[in-house]
Structures are given as structure tokens and as C-alpha cells.
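Hi there,

Here is the structure I promised to pass on. Please open it alongside this note.

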Amino acid sequence: MKKITQLVLLAILIVAASYSIIATASKKGEVEATNGAPSFSLVSITGETIDLASYEDGVILNFWATYCPPCKREMPAFEKAYEKLQQDGIQLFTINVGEPTMVVNQYLHTLKPSFPVLLDRDGLVSKSYEVLTLPTTVFIKSGKIVQTVKGELTEEQLL
């Protein structure tokens with residue numbers, strides 16, 4: 001009888017711990033962060049190599065994929081906000097996660113974004129930023145991550 005009670009208690013602890021982990025990982029919205037932004041170099045769809053270390057202040061990174069409906073819905077918001085962000089000295093980079101260049105180019109053919117689109121083909125940059133859901137947007141100031149937003153953003157939220 002004692003062993004059954006111990007097994008039941010162990011099962012309850014496992015279920016509670018699993019629920020806590022899943023609830024934390026799937027929570028949509030803003031997550032505050034104070035850690036340093038991992039440095040990276042990625043190639044853009046135009047062939048330019050972008051090195052994050054070259055941008056000292058005010059950077060927004062948006063991680064996305066072509067198969068992601070919320071990513072598609074927020075693209076016009078990024079396009080509208082891009083010029084204003086540039087005027088304010090803030091650099092915006094959208095980062096496609098893990099897709100072939102041809103797929104990304106076909107997807108962007110009709111959108112024709114004015115902002116830089118970077119390719120994280122192997123997903124290493126998204127892993128270094130602990131991106132678990134798409135879209136995820138990371139706000140960086142003075143080399144530090146100041147905010148991470150999981151989910152779709154509007155133009156107003158970007159600005």
C-alpha cells in the first residue's frame with residue numbers, strides 16, 4: 001500500500017511539473033529579458049552579409065516562416081513601420097527560419113519588402129535566441145535583449 005501511495009504522489013508531481021513546463025513554453029505574449037543579444041552573421045535574400053555587431057543600438061529581429069499564417073498577416077505591419085523605424089535610428093531585420101532561399105524568394109515575390117530579410121537556413125540563430133514559436137520578435141538596445149514578443153504584432157506595437 002505504501003508503494004502505491006508513493007507511485008501516485010510521484011505521478012502527480014510529474015504531471016504538475018509537465019503542466020508547468022508546457023504552460024510556460026506556450027505562453028503567448030511578451031517576455032522581459034535582460035540578457036545580452038547573441039551575435040550573428042547571416043546572408044540576406046539580396047546576398048548581403050549582415051553582422052549584428054555592426055548595429056550598436058536599436059535593433060528589431062523578427063523570426064518568421066512562409067508556412068506561418070500570423071507571420072504572413074504581420075508582414076504589412078512591418079512594411080508600414082519600417083520607414084518610421086529607420087527615421088528613428090532603429091534597424092529592422094526579419095529572419096526566415098530554416099527554409100530554402102528559393103521558397104523564401106517565391107513567397108516574397110509579391111510582397112516586395114523594403115526591409116532586409118535574412119536567412120537562418122540551419123536555425124542556429126533562432127536557437128541562440130531561444131525562439132520556440134513563430135513569429136517571435138526580439139527588441140535589442142545597447143546590445144541587450146530588452147523585450148521578446150511571441151506572436152503576431154501590429155504596426156502600432158512595433159512603433
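Below is what I found in one pocket and in a set of paired strands.

Before you start, please keep in mind that this is a predicted model.

**The pocket**

Let's begin with the second largest pocket, which has a volume of about 190 Å³. Its lining is made up of 14 residues. If you would like to find the centre on screen, look for Gly58, Ile60, Ile90, Phe139 and Ile140, which lie nearest to it. Three elements each give two or more residues to this lining: β4 (59-64), α2 (69-87) and β7 (136-141). Strand β7 gives the most, with three residues.

What is the chemical character of the residues in this lining? Nine of them are nonpolar, four are charged and one is polar.

**The strands around β2**

The other thing to look at is strand β2, residues 41-44, which pairs with β3, residues 49-51, in the antiparallel sense over three bridges. Within this pair, Ser41 of β2 is opposite Asp51 in β3. The two strands form a hairpin, and four residues sit between them. In that turn you will find Gly47, whose phi is positive at about 95°.

Strand β2 also has β6 (residues 117-120) as a partner. This pairing is antiparallel too, and runs over two bridges. To locate it, go to Ser44 and look across to Leu118 in β6, which stands opposite.

As you trace these strands, one general point may help: in a regular strand the side chains alternate between the two faces of the sheet.

Happy viewing, and best wishes!

Technical notes. Residues numbered from 1 in each chain as written. Predicted model: local features only at pLDDT ≥ 70, side-chain atom pairs only at ≥ 80, totals over all residues. Heavy atoms only, no water. 1 Å grid on protein atoms, 1.4 Å probe; cavity = no way out; pocket = protein on both sides within 12 Å on 5 of 7 lines; lining within 4 Å. Points joined across faces, edges and corners; volume = space filled by probe spheres on them. Nonpolar A, V, L, I, M, F, W, Y, C, P; charged D, E, K, R; others polar. Pairing = 2+ DSSP bridges.
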